[in-house]
Amino acid sequence: MRTFLDTSLLSLMLFSCLNFAVSSSLYSSTCQLQKQFDLNGMHKTGDVSLGGIFRFHFFPGYPDLSFTSEPQHPTCYRFSVVGFRQAQTMAFAIDEINRNSNLLPNVTLGYSLYDNCAQLGTAFRAAMTLVSGKEEQVTLEENCVGTPPVLGIVGDASSTRSIAISPVLGSYRVPLVSYFATCSCLSDRQRFPSFFRTIPSDAFQVNAMIQILKHFGWTWTGLLINDNDYGFHAARSFHSDLGPAGGGCLAYTEILPLVYDPAELKRIVDVIRKSTARVVIVFASQRRILNLMKEVNQFWEHIFQCRFAPPPAGWVDSGGELCTGQEDIENVETDFLDVSNLRLEYNVYKAVYALAYALDDMLQCEPGRGPFSNNTCAHLQRLEPWQLMHYLEKVNFTTTFGDQVSFDENGDALPVYDIINWVWLPDGTSKVQRVGEFKRSAFKGEKLTLDEDKIFWNFESKQPPRSVCSESCPPGTRMARKKGEPECCFDCVPCSEGKISNTTDSMECTSCPEDFWSSPQHDHCVPKKTEFLSYHEPLGICLTTTSLLGTCICVVVLGIFIHHHSTPIVRANNSELSFLLLVSLKFCFLCSLLFIGRPRLWTCQLRHAAFGISFVLCVSCILVKTMVVLAVFKASKPGGESSLKWFGAVQQRGTVLVLTSVQAAICTVWLVSASPVPHKNSQYHSGKIVYECVVGSTVGFAVLLGYIGLLAVLSCLLAFLARNLPDSFNEAKLITFSMLIFCAVWVAFVPAYISSPGNYADAVEVFAILASSFGLLVALFGPKCYIILFRPERNTKKAIMGRGTDT
């Protein structure tokens with residue numbers, strides 16, 4: 001957004017100045033410059049001047065753009081040796097031309113070179129300054145013409161910045177000759193009518209790459225690109241031309257980050273390493289490649305003679321250094337940054353000479369035989385950039401180094417590429433050597449020349465790598481043909497869950513045995529992970545704690561009742577049954593522990609039997625207590641004394657024993673006929689085994705639960721009938737309430753248990769046991785403990801019988 005605003009403001013300022021200039025020609029002889037930009041630059045006066053845009057610095061410092069005050073000019077940081085060297089090359093070329101008596105005789109060239117600070121807004125400011133000049137007031141002739149500040153501009157190095165600058169300059173036919181902007185889109189003469197370049201476009205670069213791939217038979221490659229116009233257009237051309245040209249395939253396409261991002265670069269390096277492609281095509285700037293190379297140890301360790309962790313054995317002990325990734329490559333002597341390798345500077349050199357030869361041809365025009373209207377020629381005192389453009393399109397010369405320079409109808413130079421090879425030397429240093437060329441001539445077309453004997457292959461075999469469309473699939477994957485691709489092209493598809501492939505070139509994956517699962521790499525089978533309600537997981541810990549807490553509370557209540565066994569509230573309604581009920585509740589709490597832990601045969605057999613017998617013992621005690629309450633109430637009426645003989649202590653104990661024995665018999669028959677057993681269930685989760693206890697006989701389990709439910713319902717009904725007894729402390733009401741809780745819990749338990757998978761079914765059953773046990777404990781003994789501990793004045797026979805308290 002900031003760049004857009006900067007560009008928009010600059011465009012408006014340019015329009016304002018030009019409009020002012022036109023208006024001034026009607027009313028005055030001067031053009032007033034509205035504002036000057038504060039730019040870093042180099043200048044030299046001359047009869048005519050050329051402009052240049054170079055990168056003197058790496059980073060801009062953005063000013064405050066809140067528009068509450070006049071914006072300050074941006075500042076630049078981090079001096080660029082390479083960009084400054086390119087600017088010096090232009091200055092050198094102009095000095096060389098001025099000393100050449102055969103080129104532009106009697107004309108002195110000057111220059112104005114500005115810093116773009118590697119930023120679009122600054123580059124735009126530099127271009128506008130070059131075409132509008134720095135003089136605050138310019139005197140014009142009557143027809144508002146005159147020698148402009150610069151006739152042509154050398155720059156910019158970036159495709160993105162050239163795309164932004166060139167249309168504006170093209171509107172006024174100011175030539176822009178780039179030395180490094182390679183985007184094929186810049187060949188569009190409709191959009192960029194005044195753009196020229198001395199470096200081949202990406203279209204030729206892509207073709208050169210493809211010809212090299214065809215030469216070595218590499219049909220399986222990776223692609224790395226810049227995240228800008230240069231990279232995107234190159235990738236588009238490469239994608240569209242690769243298949244038709246040689247039937248090759250791209251293994252991957254990755255975009256190098258704009259700023260140094262170690263995580264993203266590491267990810268890209270991992271993609272490169274994991275890919276079967278052994279050839280990587282790169283359309284990227286030097287800075288992006290250096291950032292990437294920080295993550296590629298083969299390169300970095302050779303350059304700095306260090307090793308990344310973990311280093312080889314004995315490396316540190318022998319005095320070797322560890323790589324940090326922060327080493328500065330610009331401080332190391334390497335051919336990658338060798339100042340004697342001036343390929344890019346040579347393009348600047350050719351761009352300056354192209355403008356100079358075009359200007360020389362224009363000034364040698366014979367009057368009356370010129371190319372302009374009425375066969376006129378241009379004059380030194382009244383030169384216009386569009387006149388220079390006419391000659392620049394037709395320029396054709398040979399440099400002192402023997403290279404021909406000319407432009408085609410799209411402003412592109414005759415393309416030629418040197419093919420270079422990076423060679424590692426025994427001492428750990430490197431050098432770059434030329435091993436061939438790829439060029440296009442007007443008569444012979446495109447031609448690739450390679451001297452393979454000079455090429456250094458960094459492999460043990462010292463031979464070119466094999467990079468076919470698809471290598472053998474590694475274990476854990478299978479081959480899957482690609483539709484629409486050559487037969488040699490296939491994907492290595494990971495085996496699905498539960499299947500493996502432990503051989504290469506496998507067309508199918510094999511399934512693992514029932515109790516096994518595929519490894520993460522899908523290259524071998526491993527035992528499935530087992531799952532059950534464990535003591536070590538949060539749910540198991542919570543249930544265990546609750547069970548032990550309930551057991552402790554039962555012990556505490558039992559202790560309270562034993563300590564106060566002689567009090568009326570404990571003795572009322574048979575204290576022996578109360579003690580037995582508390583013991584049975586303790587067993588109910590403890591039996592829930594059998595449902596936690598790894599299922600074994602004895603725990604599976606014991607858990608339901610213990611659960612069923614404990615709860616029947618508990619409910620039987622409650623049922624007998626209810627019957628005793630009814631008998632006592634009946635005996636209090638005339639003629640009902642005989643009913644108590646059927647509910648003495650012996651009869652009560654006998655009833656509880658008989659009712660419990662029935663449940664014991666049910667459990668015995670169940671365990672003998674179809675005993676619960678541990679079972680490994682893999683239907684819930686395909687990748688794991690759920691250990692559970694199958695009930696063996698659903699009928700046996702249903703009878704066990706049904707018997708408990710029958711006794712509970714019977715107790716609830718009897719207690720309901722006795723709910724209105726005249727006692728102030730009505731035992732029947734407490735029993736009714738407790739049994740309602742009990743029945744509600746177990747009615748809800750059945751659907752929840754059926755719908756819960758695996759170890760959650762055990763958790764549901766444990767929860768039901770604990771909830772019903774706590775419900776009985778609190779409902780039956782909570783009020784009594786409250787009176788015993790906190791209201792002892794109510795713990796009297798009169799109070800219980802509703803006759804007030806004793807005095």
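**Exercise 1.** In this predicted model, identify the residues with the most contacts inside the largest nonpolar core, and find the helices that supply it.

*Solution.*
Step 1. The largest nonpolar core comprises 68 residues. Those with the most contacts inside it are Phe-611, Met-739, Phe-742, Trp-746 and Phe-781.
Step 2. At least two residues of this core come from each of α12, α13, α14 (575–591), α15 (601–635), α16 (649–673), α17 (698–721), α18 (731–755) and α19 (759–790).
Step 3. Another core, of 50 residues, lies apart from it; Val-107, Val-154, Tyr-353 and Leu-355 are among its members.

**Exercise 2.** List the contacts of Phe-742, leaving aside its neighbours within four places in sequence.

*Solution.*
With those neighbours set aside, Phe-742 is in contact with Phe-615, Val-619, Ile-708, Ala-712, Ser-772 and Leu-776.

**Exercise 3.** Locate Thr-567 and decide whether Thr-567 is buried or exposed.

*Solution.*
Step 1. Thr-567 sits in the loop between α12 (538–563) and α13 (568–571).
Step 2. The cut-off for buried is under 20% relative accessible area. Thr-567 has 15% relative accessibility and therefore counts as buried.
Step 3. Its side chain reaches the backbone oxygen of His-564 at 2.7 Å.

**Exercise 4.** Classify Gln-211 by accessibility, then find its contacts beyond four places in sequence.

*Solution.*
Step 1. Gln-211 belongs to helix α5 (residues 202–216).
Step 2. Partly exposed covers the range between under 20% and over 50%. Gln-211 counts as partly exposed because its relative accessibility is 26%.
Step 3. Leaving aside neighbours within four places in sequence, Gln-211 is in contact with Phe-438 and Leu-448.
Step 4. Gln-211 and Leu-448 are 237 residues apart along the chain, and their C-alpha atoms are separated by 7.3 Å.

Technical notes. Residues numbered from 1 in each chain as written. Predicted model: local features only at pLDDT ≥ 70, side-chain atom pairs only at ≥ 80, totals over all residues. Heavy atoms only, no water. Helix = DSSP H or I, 4+ residues; strand = E, 2+ residues; numbered from the N terminus. Buried < 20%, exposed > 50% of the residue type's maximum accessible area, 1.4 Å probe, protein only. Polar contact = N/O pair within 3.5 Å; in protein donor to acceptor, adjacent residues only side chain to side chain. Core = buried A, V, L, I, M, F, W, Y, C linked by side-chain atoms within 4.5 Å. Contact = heavy atoms within 4.5 Å.
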